[in-house]
Amino acid sequence: MKPSKNYLIQSNFFTQSVLRDVTEMQKDIIYYLQTLIDFRDTNPNDEILFNYSDFLKYKKVEKN
């Protein structure tokens, strides 16, 4: 499913305002968490869990 234009505008605003003073790693974590959230869900869950192993897969980091 393609993200709506409104969602892209909101993401850009979020990036330019809220994320101005955070590190690149913090931004990556926030972006990762946003991929776990269904913003169109009419009945959202109460929590989002951060799984570091899944985050590394998202960043395409592999163990040697």
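**Figure 1. Phenylalanine 39 in the loop between helix H2 (24-36) and helix H3 (52-58)****.** In this predicted model, phenylalanine 39 occupies the loop that lies between these two helices. The residue has a relative accessible area of 48% and is therefore classed as partly exposed, since the exposed class requires over 50%. Phe39 also belongs to a nonpolar surface patch, together with Leu36, Ile37 and Ile48. The accessible area of the four residues together is about 340 Å².

**Figure 2. The tilted ring pair of tyrosine 32 and tyrosine 58****.** Six aromatic pairs are found in a search of the whole structure. In the pair shown here, the ring centres of tyrosine 32 and tyrosine 58 are 5.2 Å apart and the ring planes stand at 55 degrees, so the arrangement is tilted. The pair links distant parts of the chain, as tyrosine 32 is in helix H2 and tyrosine 58 is in helix H3, 26 residues apart. Tyrosine 32 is buried, at a relative accessible area of 5%, whereas tyrosine 58 is partly exposed, at 36%.

**Figure 3. The tilted ring pair of phenylalanine 50 and phenylalanine 55****.** The centres of these two rings are separated by 5.6 Å, and their planes meet at 45 degrees, so phenylalanine 50 and phenylalanine 55 also form a tilted pair. Phenylalanine 55 has a relative accessible area of 1% and is buried. Phenylalanine 50, at 38% relative accessibility, is partly exposed.

**Figure 4. The aromatic cluster****.** Tyr32, Phe50, Tyr52, Phe55 and Tyr58 make up one aromatic cluster. Within the cluster, the members shown in the preceding views include the buried residues Tyr32 and Phe55, as well as the partly exposed residues Phe50 and Tyr58.

**Figure 5. The three helices of the chain and their prediction confidence****.** The chain contains three helices and zero strands, and its elements follow the order α-α-α from the N terminus. Of the 64 residues, 11% are buried. The chain exposes about 6,000 Å², of which carbon and sulfur atoms supply 53%. Among contacts between residues at least 6 apart in sequence, 43% join residues at least 24 apart. The mean pLDDT of the chain is 76, and 69% of the residues reach at least 70. Among the elements, helix H3 has the highest mean pLDDT, 91, and helix H1 (residues 5-17) the lowest, 63. Predicted coordinates should not be read in detail where pLDDT is low.

Definitions and conventions:
Residues are numbered from 1 along each chain as its sequence is written. This is a predicted model: local features need pLDDT of at least 70, side-chain atom pairs count only at pLDDT 80 or more; totals for chains, interfaces and linings use all residues. Side-chain values use heavy atoms; hydrogens and water are left out. Patches are made of residues with over 30% relative accessible area and no salt bridge: like charges are joined within 9 Å, nonpolar side chains (Val, Leu, Ile, Met, Phe, Trp, Tyr) within 5 Å. Accessible areas come from the Shrake-Rupley method with a 1.4 Å probe; for residues, only the protein chains shown count as cover. A salt bridge is a side-chain nitrogen of Lys or Arg within 4 Å of a carboxyl oxygen of Asp or Glu. Helices (H or I, at least four residues) and strands (E, at least two) are DSSP runs, numbered from the N terminus. Buried means under 20% relative accessible area, exposed over 50%, partly exposed in between (1.4 Å probe, protein chains only). Rings of Phe, Tyr and Trp (its six-membered ring) pair if their centres lie within 6.5 Å; planes under 30 degrees apart count as stacked, over 60 as edge-to-face and the rest as tilted. pLDDT is the predictor's confidence in each residue, from 0 to 100. Contact means heavy atoms within 4.5 Å.
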